[in-house]
Amino acid sequence: MKPERARVFFYGLYMDTNLLESLGFHPRQVGAARLDDHEIRIGERATLVPARGKISYGLLHDLARDDVTALYARPEVRAYRAQPVVCMLLADSSLHSASCYVLQPHEIGQDTNAEYAAKLAALVSRLGLPRNYAKEILDLAHAAQ
């Protein structure tokens with residue numbers, strides 16, 4: 001019997017399928033997607049916050065539910081909580097329900113991890129997500145320095 005799968009909208013370094021596989025997980029990429037009315041914030045790691053009129057980009061992946069549970073049990077992301085979202089797949093504008101893991105606003109922190117932001121901007125570019133989104137993330141890295 002195949003394990004039950006969950007659809008997750010990743011917007012940080014976990015967008016990288018190779019990274020997930022190196023951690024022992026087996027994602028199935030659905031595609032690049034956008035999440036409206038949310039903007040990215042970077043503290044130690046990335047999170048999304050509600051922001052009317054803003055757009056965040058990421059990748060939709062399907063993973064075994066047990067893998068999602070194990071992934072978000074890792075110490076560095078244990079504080080993230082699932083919230084239901086509806087994303088638009090960039091390839092065909094279809095809408096997809098997914099889980100998106102975010103920090104509570106009081107857990108974001110005041111300092112921006114410039115190294116994380118630079119890595120994320122590079123990944124966004126490598127994945128072919130919008131250039132202006134990579135620039136937005138790079139601007140967060142530069143503002144932190």
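**Close-up 1. Glu-76 and its salt-bridge partner Arg-74.** In this predicted model, Glu-76 is partly exposed, at 35% relative accessibility. The side chain of Glu-76 meets that of Arg-74 in a salt bridge, with an N to O distance of 2.9 Å. Arg-74 is likewise partly exposed, its relative accessible area being 26%. The pair belongs to a set of nine salt bridges found in a search of the whole structure.

**Close-up 2. The salt bridge between Glu-4 and Arg-65.** The two side chains meet at 2.8 Å, N to O. Glu-4 lies in the segment before S1 and Arg-65 in helix H2, so that the salt bridge links distant parts of the chain, 61 residues apart. Glu-4 counts as exposed, with 54% relative accessibility. Arg-65 is partly exposed, at 41%.

**Close-up 3. Glu-115 and Lys-119 in helix H3.** A salt bridge joins Glu-115 to Lys-119, and their closest N and O atoms are 3.5 Å apart. The two residues are separated by about one helical turn because they stand four residues apart in helix H3. Glu-115 is exposed, at 54% relative accessibility, whereas Lys-119 is partly exposed, at 46%. Elsewhere, Arg-7, Arg-28 and Asp-62 are joined into one network by salt bridges that share partners.

**Close-up 4. An aromatic cluster of Phe-10, Tyr-14, Tyr-72, Tyr-80 and Tyr-101.** Six aromatic pairs are found in a search of the whole structure. One of them is the edge-to-face pair of Phe-10 and Tyr-14, with 6.2 Å centre to centre and 90° between the planes. Both Phe-10 and Tyr-14 are buried. Tyr-72 and Tyr-101 form a stacked pair, with 3.8 Å between centres and 10° between planes. Tyr-72 is in the loop between helix H2 (65-71) and strand S4 (81-89), while Tyr-101 is in strand S5 (residues 95-102); the pair therefore ties together parts that are 29 residues apart in sequence. Tyr-72 counts as buried at 12% relative accessibility, and Tyr-101 is buried at 13%. A charged group also meets this cluster: the charged end of Arg-45 sits over the ring of Tyr-14, 5.5 Å from the ring centre.

**Close-up 5. The largest nonpolar core, with 47 residues.** The residues with the most contacts inside this core are Phe-9, Phe-10, Tyr-11, Ile-40, Tyr-72, Leu-120 and Ile-137. Strands S1 (5-10), S2 (28-42), S3 (46-64), S4 and S5 each give two or more residues to the core, as do helices H2, H3 (114-126) and H4 (131-144). Leaving aside residues up to four places away in sequence, Ile-137 touches Ile-40, Ile-42, Ala-117, Leu-120, Ala-121 and Val-124.

**Close-up 6. Strand S2 and its pairing with S3 and S4.** S2 and S3 run antiparallel and are joined by 13 bridges. A hairpin connects these two strands through three residues. Among the bridged positions, Asp-36 has Ile-55 in S3 as its partner. S2 and S4 also run antiparallel, joined by two bridges. Here the partner of Ala-33 is Leu-89 in S4.

Definitions and conventions: Residues are numbered from 1 along each chain as its sequence is written. This is a predicted model: local features need pLDDT of at least 70, side-chain atom pairs count only at pLDDT 80 or more; totals for chains, interfaces and linings use all residues. Side-chain values use heavy atoms; hydrogens and water are left out. Rings of Phe, Tyr and Trp (its six-membered ring) pair if their centres lie within 6.5 Å; planes under 30 degrees apart count as stacked, over 60 as edge-to-face and the rest as tilted. Buried means under 20% relative accessible area, exposed over 50%, partly exposed in between (1.4 Å probe, protein chains only). A charge sits over a ring if NZ of Lys or CZ of Arg is within 6 Å of the ring centre and within 35 degrees of the ring normal. A nonpolar core is a set of buried Ala, Val, Leu, Ile, Met, Phe, Trp, Tyr and Cys residues joined through side-chain atoms within 4.5 Å. Contact means heavy atoms within 4.5 Å. Two strands pair if DSSP finds at least two bridges between them. A salt bridge is a side-chain nitrogen of Lys or Arg within 4 Å of a carboxyl oxygen of Asp or Glu.
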